[in-house]
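Reader: I am new to this structure and would be grateful for a close look at a single part of it. Please take the cysteines as the starting point and go on from there in one connected account.

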Amino acid sequence: EAECAYTLFVVAIFWLTEALPLAVSALLPAFMFPLFGIMESKEVASAYFKDFHLLLMGVICLATSIEKWNFHKRVALRMVMLVGVNPAWLTLGFMVSCSFLSMWLSNTSAAAMVMPIVEAVAQQITTADAEADMLEMSYSNGSTNLALELDGECENSDWTEKGKQVNGYDNDMSSTVCTIEKENEKEKEQVFYILTKQNLPPAETGRKSREDKYSGIFKVMCLCIAYSATIGGLTTITGTSTNLIFAEHFNTRYPDCKCINFGSWFILSIPITVVILVLSWVWLQWLFLGFDFKSMFKCGKKKTAREEASAKVIQEEYKKLGPMSYPEIVTLILFILMTLLWFTREPGFIPGWSSLFPKYKGYATDSTTALVIGLLFFIIPAKTLSRTSNGESTAYGYTPLITWKEFQSCMPWEIAILVGGGFALADGCEVSKLSAWVASKLTPLGSLPLWLIILISCLIVTSVTEVASNPATITIFLPILSPLAEAIHVNPLFILIPATLCTSFAFLLPVANPANAIVFSYGHLTVMDMVKAGLGINIIGVAVVMLGIMTWIVPIFDLYTYPSWAPI
């Protein structure tokens, strides 16, 4: 037990400090266990590649195709176009689209995909503001005839040129104003009055407050991407590496329990994700912009210059994508097929497709589906046969939807080895009886109320994950929390589910997870902005998880009953 505890301690220190790359530290048990006489080398080696790795490979095939053919951009832009360009709704649109992508791709990929679109919108807002500033300055400098001044501005070629090709996007702000003027003199004055009142405070005193407001909007947009990429990943077993590690650890430790699969996890986590997402949106709005319900839900309100600019850049970006290409359509079909096969394998309330193989119950898992669909990405060609005018098919070089080289560039090998190291440690803890020793020491905790035990484990995990990587944190804590649940005679899911969800709550620091780092690199945020916002979302997250585990998750797994599949 002591030798295994020493190995665990050394690996945990290396993971927490990241003195060595995470994957390199994960290889330490491969030579320490045989040298200490805990496990044979071939036994340790077999722990490094499990069902989890096959599932990961299948999912990465899908993610590679989505990224290669720009399907993610179409999804993100379409979702944002649906919600409109009011800053609050625009932010919610970005959050929903980023969360949706994060369910199927890694959190890092989702943030990296959506962030350039957010940056383009932010740049366009700045441009619209600069043009509105020019209008305001010309007005405040004593123009007695507003109509003449504006007509002059419109005819001035310099002014029209300034509205074009800023940061690579057309900005039609000036031409819009001109068109309105020419239609009706009175209407034009009203439009300019609205622009001045709503968007442009008096020249000298207002510019600073407007800059502060825009700065707040940029901060909210950036933070909403960082946080929604993480929150969306909670929803599916494949959405984040911590969920996958939990599922593999749980199914290995409790092989008789068939309760954790894609469908059951989705049902328990979707309400948690939706509630955290909405509350996070409200919190970020209130923190940086103030929450004005009246202006948000006011119907028929004229769009401000900023909103016009946002709508324009999103529409321009969507037009650039053109119609859906053949590879995008195939990727969408395979994506839907993979999701349907995951949901219908063992839905619980009706027999799934796995019941078609009664002799081989439990043989097919989620990784079977992922691999079958993943294989198709390497077989289906990326081009269709085109026919010439005389009806003959033109030959072309066969290229599949994704190549092995593209798959390798997307495959997170570091996570794969890190998870393998975690499984090796878990096996070592079992073989050396360290788990049993830890369980015996934790038994006195059984005198505490159950909700307090769950809350303490959630808070500890949430604190550690801010300074350590999420996969390393969950890998360290799962072998400790499982024996704890068994020792106090509580359904292990009661403690493991909230701890797994809380491991993803790395919201405080730019270095806490890669999605935060990507967003921080754009330069709109300070560390204190992230700490201030992240603290609130951490509290929201833990509170919602506690609410879920004590209410609607209980009947799903019959949590108040100690199960037959757990050791006594």
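Author: In this predicted model, Cys 259 counts as partly exposed, because its relative accessibility is 22% and a residue counts as buried only under 20%. The partner of Cys 259 is Cys 257, to which a disulfide joins it with an S to S distance of 2.2 Å. Cys 257, at 3% relative accessibility, counts as buried. The link of Cys 257 and Cys 259 is right-handed, with 70° about the S-S bond. In general terms, a disulfide is a covalent bond between the sulfur atoms of two cysteines.

The structure holds one disulfide, and two further cysteines show how a pair may fail to qualify. For Cys 98, the closest cysteine sulfur is that of Cys 224, at 7.5 Å, which is too far for a bond. The converse also holds: the closest cysteine sulfur to that of Cys 224 is in Cys 98, and the 7.5 Å between them is again too far. The cut-off that decides the matter is 2.5 Å between the sulfur atoms. Cys 98 is buried, with a relative accessible area of 0%, and Cys 224 likewise counts as buried, at 0% relative accessibility.

The account now turns to helix H15, which covers residues 262–288 and includes Ser 269. Ser 269 has a relative accessible area of 1% and is therefore buried. Once its neighbours within four places in sequence are set aside, Ser 269 is in contact with Leu 234 and Thr 235.

Helix H15 also has a part in the surroundings of another helix, H25, since it is among the elements that cover the buried residues of H25. Helix H25 runs over residues 492–503, and its 12 residues should span 16 Å at 1.5 Å a residue; the end C-alpha atoms are 17 Å apart, which agrees. Of the 12 residues of H25, 12 are buried, so this helix is largely enclosed by the rest of the structure. Among these buried residues are Pro 492, Phe 494, Pro 498, Cys 502 and Thr 503. Besides H15, the cover of H25 includes helix H14 (241–253), helix H23 (450–465) and helix H24 (470–487). Helix H27 (527–550) and helix H28 (553–557) also belong to that cover.

Conventions. Residues numbered from 1 in each chain as written. Predicted model: local features only at pLDDT ≥ 70, side-chain atom pairs only at ≥ 80, totals over all residues. Heavy atoms only, no water. Helix = DSSP H or I, 4+ residues; strand = E, 2+ residues; numbered from the N terminus. Buried < 20%, exposed > 50% of the residue type's maximum accessible area, 1.4 Å probe, protein only. Contact = heavy atoms within 4.5 Å. Expected span 1.5 Å × (residues − 1).
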